[in-house]
Amino acid sequence: MPSTPLRNAPKGEWTTPTRILTLLDTGVPQEEASCQIGVPHPTVNLWSKTCCSWSN
């Protein structure tokens with residue numbers, strides 16, 4: 001299992017993109033991550049693509 005990302009928001013809270021990407025990294029499908037966090041699926045899809053393009 002990947003290590004827990006650093007909390008980079010005020011008061012040590014995780015930002016929503018970090019929470020989504022952490023779920024995706026652990027194998028949670030995009031639709032399920034979208035429902036758990038309450039973010040529209042197209043937004044999760046965009047963040048997933050953006051994250052992958054940064055690492056390449």
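**Stop 1: A33.** Select A33, which lies in helix 2. The model you have open is a predicted one. Is A33 buried or exposed? Its relative accessible area is 0%, and anything under 20% counts as buried, so A33 is buried.

Now show what surrounds A33. Leaving aside residues up to four places away in sequence, A33 touches I20, L23, L24 and V28. Pick L23 from that list. L23 and A33 are ten residues apart along the chain, and their C-alpha atoms are separated by 6.3 Å.

**Stop 2: helix 2.** Widen the selection to residues 30-37, which form helix 2. Colour A33, S34 and I37: these are buried. Why do they sit on the same side of helix 2? They cover an arc of only 105 degrees around the axis, which puts them there.

Turn to the other side of helix 2. Here E31 and C35 are exposed.

Step off the end of the helix. G38 follows helix 2. Check its backbone: phi is positive at G38, near 85 degrees.

**Stop 3: the helix pair.** Add helix 1, residues 16-25. How do helix 1 and helix 2 pack? Their angle is about 140 degrees, and their axes are 9 Å apart. That angle makes helix 1 oblique to helix 2, because only values over 145 count as roughly antiparallel. The crossing of helix 1 past helix 2 is right-handed.

Show the side chains where the two meet. Helix 1 makes the contact with T16, R19, I20, L23 and L24. Helix 2 makes it with Q30, A33, Q36 and I37.

**Stop 4: the core.** Select I20, L21, L23, L24, V28, A33, I37, V39 and V44. These nine residues are the largest nonpolar core. Helix 1 and helix 2 each supply at least two of its residues. Which helix gives the most? Helix 1 does, with four residues. A general tendency fits this view: in soluble globular proteins, nonpolar side chains tend to be buried together.

A33, where the tour began, is one of the core residues. So is I37, another member of the core, and I37 also takes part in the contact between the helices.

**Stop 5: V39.** Finish on V39, also part of the core. Which residues does V39 touch, not counting those up to four places away in sequence? They are T16, S34, V44 and W47. Highlight two of them again. T16 belongs to the helix 1 side of the helix contact. S34 is buried in helix 2.

Key:
Residues numbered from 1 in each chain as written. Predicted model: local features only at pLDDT ≥ 70, side-chain atom pairs only at ≥ 80, totals over all residues. Heavy atoms only, no water. Buried < 20%, exposed > 50% of the residue type's maximum accessible area, 1.4 Å probe, protein only. Arc of directions from axis to C-beta. Core = buried A, V, L, I, M, F, W, Y, C linked by side-chain atoms within 4.5 Å. Contact = heavy atoms within 4.5 Å. Axes fitted to C-alpha atoms, helices over the stretch in contact; angles between N-to-C directions. Parallel < 35°, antiparallel > 145°, perpendicular 65-115°, else oblique. Left-handed = near helix turned anticlockwise from the far one by under 90°.
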